[in-house]
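This report concerns one structure, shown directly below.

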Amino acid sequence: AELHAIVFVAEHFEGKFTTVADCLGVVSEANRIHKGGKVSITGRHADLWLRWEAASRANIKTGTPVRWVPSHEPMGSVLISETDRIGNNGADYLANSAAKRVGPSLAQGKLYVNRQNLCTYIQKTQETILAQIQLLEAKA
């Protein structure tokens, strides 16, 4: 979700600016790619990272385009400036909006629930087997 937010900014704005985000992994990878690092085309979210690579290099005219900030700090926190807190809240809003729009399809949701049910069934079966073994060992 954070990655989608920084891609949105890079694709829609141009110039010398810094975006703030509270996901250190995304911040580090975004800056690495912006400075010439390669995108793994087989990695997670390769499509978004490729969009970031193109947009950040074309539109962002600063050496470190994304800066990490602590997340979910209250107003007045000494850990984050008010400007960065507001910016981070905006990034969170964009990220959550995108995640809701592109969330799992109905088929993906059903697959997830089916897998969860299968795992629960396997765990209950293992628990029953273990209980029977312990009962037999106690009688021996």
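The sections below cover the basis of the model, its nonpolar core and two buried residues.

## Basis of the model

The model is predicted; local features need pLDDT of at least 70, side-chain atom pairs count only at pLDDT 80 or more, and totals for chains, interfaces and linings use all residues. Residues are numbered from 1 along each chain as its sequence is written, and side-chain values use heavy atoms, with hydrogens and water left out.

## The largest nonpolar core

A nonpolar core is a set of buried Ala, Val, Leu, Ile, Met, Phe, Trp, Tyr and Cys residues joined through side-chain atoms within 4.5 Å; buried means under 20% relative accessible area, with a 1.4 Å probe and protein chains only. The largest such core has 16 residues, of which Leu3, Ile6, Ala30, Trp49, Trp52 and Val66 touch the most other members. At least two core residues come from each of α1 (2-12), α2 (24-34) and α3 (46-59), helices being DSSP runs of H or I, at least four residues, numbered from the N terminus.

Beyond its neighbours within four places in sequence, Leu3 has contacts (heavy atoms within 4.5 Å) with Val26, His45, Leu48 and Trp49.

## Two buried polar residues

Ser56 lies in helix α3 and is buried, at 0% relative accessibility. Its side chain forms a polar contact of 3.1 Å with that of His34. Such a contact is a pair of N or O atoms within 3.5 Å; within protein, one must be able to donate a hydrogen and the other to accept it, and residues adjacent in sequence count only if both atoms are side-chain atoms. Leaving out residues up to four places away in sequence, Ser56 touches Ala10 and His34.

Asp84 belongs to helix α4 (residues 82-101) and is buried, with a relative accessible area of 13%. The side chains of Asp84 and Arg67 make a polar contact at 2.8 Å. Residues up to four places away in sequence aside, Asp84 touches Val20, Arg67 and Val69.

Conventions. Buried means under 20% relative accessible area, exposed over 50%, partly exposed in between (1.4 Å probe, protein chains only).
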